[in-house]
Amino acid sequence: MLYGYKFDGKFSPDEGHYYNSSRIVVDPYAKAVISRGEYGAFGPDGNCWPQMAGMVPSSDFEFDWEGDLPLRHHQKDLIIYEMHVRGFTRHESSMTSSPGTYLGVVEKLDHLKELGINCIELMPCQEYNELEYFSYNSVLGNYKMNFWGYSTVNYFSPMIRYSSAGIRNCGHDAINEVKFLVREAHKRGIEVIMDVVFNHTAEGNENGPVLSFRGIDNNVYYMLAPKGEFCNYSGCGNTFNCNHPVARQFILDCLRYWVTEVHIDGFRFDLASIMTRSSSLWDAVNVFGNPIEGDLLTTGTPLDSPPLIDMLSNDPILRGVKLIAEAWDTGGLYQVGKFPHWGIWSEWNGKYRDTVRQFIKGTDGLSGAFAECLCGSPNLYQEGRKPWNSINFICAHDGFTLGDLVTYNEKHNLANGEDNNDGENHNNSWNCGQEGEFVGLPVKKLRKRQMRNFFLCLMVSQGVPMFCMGDEYGHTKGGNNNTYCHDNYINYFRWDKKEETSSDFYRFCCLITKFRHECESLGLNNFPTSERLQWHGHAPCEPNWSETSRFVAFSLVDSVKGEIYVAFNTSHLPVMVTLPDRPGYRWTTLVDTSKAAPFDFLSDDVTEKDTAIKQYAQFLDANLYPMLSYSSIILLLSPEDRA
């Protein structure tokens, strides 16, 4: 049985009303939305927006959780993998039985386990319309889709067309596929976080469709200007009225549902700064139930203590899951390091991304800022928070991939059909000497070295590392930094490419993540102090924080490894480093990104490991280490051979 609602009332957009008794709208609380069952397929008569209806829940489709319980990993121990459900297994090389679906992801969970991942962050997988942007793209000769899914139709329903079942059994089977994914991930020690988009909906501005919220009570669910215009802090036509009492209760109910019914472990909130803005019709009586003297806030004003964030932070169910904010919006509100947090919210650390990108490619004046990044950004989070409140990332779905970051100086977005006018212009990237993929061998080698430098930096930084699907093998999007509209090879994980490089960069990533898990000191609960951490320059205990410094090194006391030494030389010149003197011990090489695989990481399975060690023995015997340009190293202490 399916159902929808009809609402009678006034149709007066100037007053913010869009009631239309002839239109059937979807219940915002519907647990599954039924319309089209196959991804990319049209509705009747070629309709991109066919009638949608809600599923009536039934107890006949209960799911066997097999005793599943929350993993509750401490956040400091997480390594997060940002994943697109469809893109992960849609390419034919995935060889999965249900490509592009939740079941397809389950078939590839062991890949994530091998990679050292213990948390996946799913890009939007609540019901959205992939045909929203459907139009012919003359550049590629195909059709543009809403591939990323940042345009939600319904927040309680899973994306039906990411399931192999489609609309079978009115969506019950699709819901169970999501639960199956979560259960199987938990069996492998992997938590599941959802990327949720409560800042706007698919109904757009006054020219958008009436699907649900707008036809139920437009004034309540959307942030409106005095004459009914839609505020647009999201850049997508409308702004959800998050701090209105009805809207914030809806968001709370929704998140509780995903935690209690689907066992989701946490949420990443897209453009979360919108959730801190005052609602339409803001006044103290409306929000708090009583007047407050001097309450003159206008619509959209940032609030120090937003009621919604307060509710979520202190909710007995949600307080126990991961809450991650993208702490900015398109209205100019940038709150990285300043998001209202109640001691539990984390943030996508955009400042980490920008600083690390610039320092690794050799920009002057950033050695001190880079050191802050390595310490978990205490300049941002020391007041009332911990290192793990910083979600460190260098690349995400939006922007260059890691491979493209070292291949392109400029964006190449012509495939989007917008004359290269879309996407970010300031990428802090470096092509290592030549633009594009077809370059000489020296440039290719430098690019691989830079990729290793970036990944090593991510894994030795305090805070929570996050990287993007495909970066573990160097996925390229051809320099396109805004691939929102491509349901094709540009966005698909290439399992054939991963196999081609399994002995190279993928191996390096697996070993570095394993090393991070093994080190007690690389996921601290508190910011490191001088008792544990020492900074160095070319000489021990003599760091160089000058404007021209491109060298940062530190040693870190570790209860498992004893002590580790990490150094980054982002200069175009090599350098001879003098190592800290540790009587009775000598430093041994573990990682040197300037070396080709497998000598970039000297794991125990490297057949010529002893020979490689001997090549640098004379330097290490003298407490020295030669570092090539654009390279980084990890050294470990071992007892001196008294023989």
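**Strand pairing, cysteines and surface features**

In the predicted model, phenylalanine 568 of strand E18 has serine 632 as its bridge partner in strand E22. This pair belongs to an antiparallel arrangement in which E18 and E22 are joined over 6 bridges. Strand E22 comprises residues 631-639, and 8 of its 9 residues are buried, so that the strand is mostly covered. A further partner of E22 is strand E20, formed by residues 585-592; these two strands run in the antiparallel sense and share 7 bridges. Within this pairing, leucine 636 of E22 is found opposite threonine 588.

Strand E18, which spans residues 562-569, also pairs with strand E17, again in the antiparallel sense, and here the pairing extends over 8 bridges. The two strands make up a hairpin, with 3 residues lying between them. One of the bridges links valine 557 to glutamate 563 in E18. Strand E17 covers residues 551-558 and is mostly shielded, with 7 of its 8 residues buried. Strand E17 is also paired with strand E16 (residues 533-536), antiparallel and over 4 bridges. In this case histidine 536 stands opposite alanine 553 of E17. In general, the strands of a sheet are held in pairs by backbone hydrogen bonds, in either a parallel or an antiparallel sense.

Another sheet involves strands from the early part of the chain. Three strands, in the order E1-E5-E4, form an open sheet with antiparallel pairing. Strand E1 (2-3) and strand E4 (33-34) occupy the edges, and each has a single partner strand; one side of each is therefore left without a neighbour in the sheet. The pairing of E4 with strand E5 (residues 53-55) is antiparallel and consists of 2 bridges. Valine 33 is placed opposite glycine 54 in E5.

Lysine 6 is located in the loop between E1 and strand E2 (11-12). The residue has a relative accessibility of 55% and therefore counts as exposed, the threshold being over 50%. Apart from neighbours within four places in sequence, lysine 6 is in contact with Ser21, Ser22, Arg23 and Ile24. Lysine 6 and cysteine 125 are 119 residues apart along the chain, and their C-alpha atoms are separated by 27 Å.

The cysteines were examined for disulfides, which require two sulfur atoms within 2.5 Å. The count comes to 0 disulfides. For cysteine 119, the closest cysteine sulfur is that of cysteine 125, at 13 Å, which is too far for a bond. Cysteine 119 has a relative accessibility of 0% and therefore counts as buried. For cysteine 242, the closest cysteine sulfur belongs to cysteine 254, and the separation of 12 Å is likewise too far for a bond. Cysteine 242 also counts as buried, because its relative accessibility is 1%, under the limit of 20%.

On the surface, a nonpolar patch is formed by Val139, Leu140, Leu414 and Tyr489, which together have about 380 Å² of accessible area. Leucine 140, one of these residues, is situated in the loop between strand E8 (135-137) and strand E9 (142-144). With a relative accessible area of 32%, leucine 140 is partly exposed, because this value lies between the limits of 20% for buried and 50% for exposed residues.

How values were computed. Residues numbered from 1 in each chain as written. Predicted model: local features only at pLDDT ≥ 70, side-chain atom pairs only at ≥ 80, totals over all residues. Heavy atoms only, no water. Pairing = 2+ DSSP bridges. Buried < 20%, exposed > 50% of the residue type's maximum accessible area, 1.4 Å probe, protein only. Patch = residues over 30% accessible without salt bridge, like charges linked within 9 Å, V, L, I, M, F, W, Y side chains within 5 Å. Areas by Shrake-Rupley, 256 points an atom, 1.4 Å probe, with all protein chains shown as cover. Salt bridge = Lys/Arg side-chain N within 4 Å of Asp/Glu carboxyl O. Contact = heavy atoms within 4.5 Å.
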